Amino acid sequence: MLLTVSGPPGSGKSTTAALLAEHFELQHVSGGDIFRELADERDYTPLEFNKLAEENDSIDRDLDRRLRDVAVERDDLVLESRLAGWLAGEHADFKFWLDAPASVRGERIAEREEKDPAAATEETRAREASEAQRYREYYGIDIEDLKIYDLSVNTARWDPDAVLDMLTTAVEEYDATGDEGKAPVELAIDV
């Protein structure tokens with residue numbers, strides 16, 4: 001089984017993906033962890049590396065290629081990244097989108113990274129705008145178009161265990177005989 005968890009920074013992707021992986025006894029592969037490792041290897045902060053990626057498309061394309069390869073070649077995992085649903089495409093059994101208001105996500109990031117909440121929210125908005133532009137330019141993806149996802153959840157409304165319950169219920173209650181077709185992923189992606 002291949003599950004994808006996507007959403008903007010601070011939406012709860014990592015927490016939820018880890019809980020899903022544990023619940024279903026699957027491996028968890030995080031695009032954010034890979035991105036941060038690449039940034040650290042080159043002595044950049046994630047924000048600095050994100051800015052560098054604006055000027056050097058090979059950074060995004062390399063990361064996205066790695067994640068796409070994981071989705072195509074492996075099974076029994078939870079793939080987590082902003083583009084996981086798009087990159088996994090038809091290979092994913094279920095694609096989940098998580099989100100929360102920007103202020104909530106900024107607070108979460110501020111707590112995690114020990115930053116000022118207002119600064120974290122502003123940095124996050126700038127990062128999102130930068131990434132959205134690059135996804136559009138590179139792959140023709142409108143990151144705000146959620147129709148490829150099976151389920152979208154506002155994680156500010158429920159705690160992580162309740163979000164997990166929703167997603168595991170969706171997977172466990174799935175009945176293939178009633179499936180009228182998952183949303184196709186039309187991807188102009190050449191990673």
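**Notes on the pockets and a few residues**

1. Let's start with one pair of side chains: R82 and E131 are joined by a polar contact of 2.8 Å. Keep in mind that this is a predicted model. R82 sits in the loop between β3 (77-80) and α5 (84-88). Is R82 buried or exposed? With a relative accessible area of 14%, R82 counts as buried, because the limit for that label is under 20%.

2. What else does R82 touch? Leaving out residues up to four places away in sequence, the list has S6, G7, P8, P9, K13, W97, R127, E131, Y135, I143 and Y149. So have a look at E131 again while you are there: besides its polar contact with R82, E131 helps to line the second largest pocket.

3. That second largest pocket has a volume of about 200 Å³. Its lining is made of P8, P9, R82, W97, D99, E128, E131, A132, Y135, I143, E144 and L146. Two elements, β4 (94-99) and α7, each give two or more residues to this lining. The largest share is 4 residues, and they come from α7. Sorted by class, the lining has 7 nonpolar and 5 charged residues, with no polar ones.

4. Now for the largest pocket, which holds about 870 Å³ of space. It is lined by 41 residues, and those closest to its centre are P9, G10, K13, R36 and R112. If you want to find the walls on screen, look for α1 (13-24), α2 (31-41), α3 (46-55), α4 (57-73), α6 (102-113), α7 (117-139) and α8 (160-172), since each of them supplies at least two lining residues.

5. Which helix gives the largest share of the lining of the largest pocket? Here, too, the helix is α7, with 6 residues. The classes in this lining come out as 13 nonpolar, 13 polar and 15 charged residues.

6. How do people look for pockets at all? Rolling a probe the size of a water molecule over the atoms shows where empty space is left.

7. There is also a database record to set beside the pocket. An unreviewed UniProt entry lists G7, P8, P9, G10, S11, G12, K13, S14 and T15 under "binding site". Which of these turn up in the lining of the largest pocket? They are P8, P9, G10, S11, G12, K13, S14 and T15.

8. Two residues from that record deserve a closer look. S11 lies in the loop between β1 (2-6) and α1. S11 counts as buried because its relative accessibility is 0%. A polar atom of the S11 side chain lies 2.8 Å from the backbone oxygen of P8. Not counting residues up to four places away in sequence, S11 touches L98, D99, R105, R108 and T155. G12 is in the loop between β1 and α1 as well. With neighbours within four places set aside, G12 is in contact with L98 and R108.

9. Finally, try Q27, which belongs to strand β2 (residues 27-30). At 44% relative accessibility, Q27 counts as partly exposed. Its side chain makes a polar contact of 2.2 Å with the side chain of R74. Apart from neighbours within four places in sequence, Q27 is in contact with A21, R74, D76, L77 and V78. For a sense of scale, the C-alpha atoms of Q27 and S130 are separated by 30 Å, and these two residues are 103 residues apart along the chain.

Conventions
Residues numbered from 1 in each chain as written. Predicted model: local features only at pLDDT ≥ 70, side-chain atom pairs only at ≥ 80, totals over all residues. Heavy atoms only, no water. 1 Å grid on protein atoms, 1.4 Å probe; cavity = no way out; pocket = protein on both sides within 12 Å on 5 of 7 lines; lining within 4 Å. Points joined across faces, edges and corners; volume = space filled by probe spheres on them. Nonpolar A, V, L, I, M, F, W, Y, C, P; charged D, E, K, R; others polar. UniProt positions renumbered as here; feature names shortened; annotations may be inferred. Buried < 20%, exposed > 50% of the residue type's maximum accessible area, 1.4 Å probe, protein only. Contact = heavy atoms within 4.5 Å. Polar contact = N/O pair within 3.5 Å; in protein donor to acceptor, adjacent residues only side chain to side chain.
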